[in-house]
Amino acid sequence: TAHKEENVRLSQAFTSFLEKQNELFSWLVSIAEAFLQGHQDMGSVLAMAKDFLELHHQQLDDLQKKGVEINAVLLTLPPILEFLDDEQRGDVDQKVDALHSHWLNLKSMLEERIDLAFIYVKFHTLAVELATEFDAAEEEFKKTSDGIGEDTIRIVEQKWLSIQQLYEQLKSVGRNFIEDASKVGDPYLDIKRASLCVETLLEHFGSRQLVIADSWQTWQSNITVEKEFKVQWELTVTESNRTVDWVSKIDEQLYPILTTNTTSSKAIARELEDKLQIVLPEIKRAQSEVEIRMKTAERLAQKGDTHGQKESVMEKLLELQNKLQVIITEYQILLQMLIAFFKNLAELEKTIENLQSQYQITRLPNAIAEVELLLKEHEASRQAILELFKFTENESEQIIKRIQKQEPDNPGKLDIEKVTG
């Protein structure tokens, strides 16, 4: 009876094994293998690639759980095998081998897919990141370079370097995927489609890289031009300010005009003529320098943004130019008046000197007629000298008025003393 009960128990265990084996094998075929057949497309964007990877992780997890169940079933076999005849044992061995080998094959395919999908997701992640960086770089390179700071330039340069590194990483991951994909023997997975997707994206990013590299070169060139402009403009402002300082003080160097210690009117007139030949070219040189500064500032301002400095510089230079024009005109007039005055004064001195010499050598008249003639000549000379005195006096008054109006106080007083002395 006990033997009979044992046989019944073993028979039921064998039947249970066959049912469980059939159930597990059926799951492997209808669920796991069907999953592989139904998931051939790895996706063409990051979200789809992530879904593909996640689903395969879940499926592998389910398969691992079924593996545990398979092992549990196989553990029930040893006592059952003793109960079976040779033919039945052979049939069980075949079923066990079929179940185990099919499970291993499915596990191998899932793991291979997951490894490949991991690279595929990484490639698409890099592609999305690089696209974002390319968009940001394009926007940055479209911005004007006017007034851009060194810190911003350094940040953009570092960003461009990281973009290049990201692009090289994308190419490396893409090539690795294509190479690994070519070695996959999965009969269901659409390897060609995934590889074509990677190749297309690599080509797309390669073209974009060239375009943005050109923008980068242009941006760098603009930055260089901006830096050169800034240096040139600062130099122009410095030179213009130096010119303004120098020219603003030029009138202080012009007066007093009468700096000689000689009392000879003729010598003074000659020195004034020499001064006219020396000073006027100097003032004209100052005018020329101011004009050059104005033209330089105007030309350079067309190449960049001076942030309002151009108007200030041009206003100063224009004011200086007008001042110089007034100075040169007034100085020339006063100098010519002084030259004429001292020439006339020298002529007067010469006339008086000649008359004095003539009177010293004139023989005293013997006849009344000669006396009358001499008196008439003397009166005529006196009248002529009086006219010359009046003329020079009038000239001196006009000169004094112009000096008072034109010259600074202290130099003006010195020139007036020379004129009236």
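This section describes helix packing, one buried residue and one pocket in a predicted model.

Helix 4 spans residues 86–142. Its axis and that of helix 5 come within 9 Å. The two axes cross at roughly 150°. Angles over 145 degrees count as roughly antiparallel, and helix 4 is therefore roughly antiparallel to helix 5. The crossing of this pair is left-handed. Nonpolar residues number 19 in the contact of helix 4 with helix 5. The contact also holds six charged residues and two polar ones.

Helix 5, residues 150–182, also packs against helix 6, residues 191–248. Here the angle is about 160°. The axes of helix 5 and helix 6 lie 10 Å apart. This pair, too, is therefore roughly antiparallel. The crossing of helix 5 and helix 6 is again left-handed. The residues of this contact comprise 18 nonpolar, five polar and five charged. Helix 5 thus takes part in two packings, one with helix 4 and one with helix 6.

Valine 96 was examined individually. This residue is located in helix 4. Its relative accessibility is 16%. Buried means under 20%, so valine 96 counts as buried. Phenylalanine 25 is 71 residues away from valine 96 along the chain. The C-alpha atoms of valine 96 and phenylalanine 25 are separated by 9.7 Å.

The second largest pocket was then considered. Its volume is about 200 Å³. Two helices, helix 8 (265–301) and helix 9 (309–361), each supply at least two residues of its lining. Helix 9 gives the most, with six residues. The lining includes Ser265, Lys266, Ala269, Arg270 and Glu273. Phe342, Lys343, Ala346, Glu347, Glu349 and Lys350 also line the pocket. By class, seven lining residues are charged. Three are nonpolar and one is polar. Among the charged residues of the lining are Lys266, Arg270 and Glu273. Lys343, Glu347, Glu349 and Lys350 belong to the charged class as well. The nonpolar members are Ala269, Phe342 and Ala346. Ser265 is the polar one.

In summary, helix 5 is roughly antiparallel to helix 4 and to helix 6. Both crossings are left-handed, that with helix 4 and that with helix 6. The second largest pocket, in turn, has a lining to which helix 8 and helix 9 each supply at least two residues.

How values were computed: Residues are numbered from 1 along each chain as its sequence is written. This is a predicted model: local features need pLDDT of at least 70, side-chain atom pairs count only at pLDDT 80 or more; totals for chains, interfaces and linings use all residues. Side-chain values use heavy atoms; hydrogens and water are left out. Axes are lines fitted to C-alpha atoms, for helices over the stretch in contact, and angles run from 0 to 180 degrees between N-to-C directions. Helices (H or I, at least four residues) and strands (E, at least two) are DSSP runs, numbered from the N terminus. Angles under 35 degrees count as roughly parallel, over 145 as roughly antiparallel, 65 to 115 as roughly perpendicular and the rest as oblique. A crossing is left-handed if the near helix is turned anticlockwise from the far one by less than a right angle, and right-handed if clockwise. On a 1 Å grid over the protein atoms alone, a cavity is a set of points where a 1.4 Å probe fits but cannot get out, and a pocket is an open set with protein on both sides within 12 Å along at least five of seven lines; lining residues have an atom within 4 Å of a point. Grid points are joined across faces, edges and corners, and a volume is the space filled by probe spheres set on the points. Buried means under 20% relative accessible area, exposed over 50%, partly exposed in between (1.4 Å probe, protein chains only).
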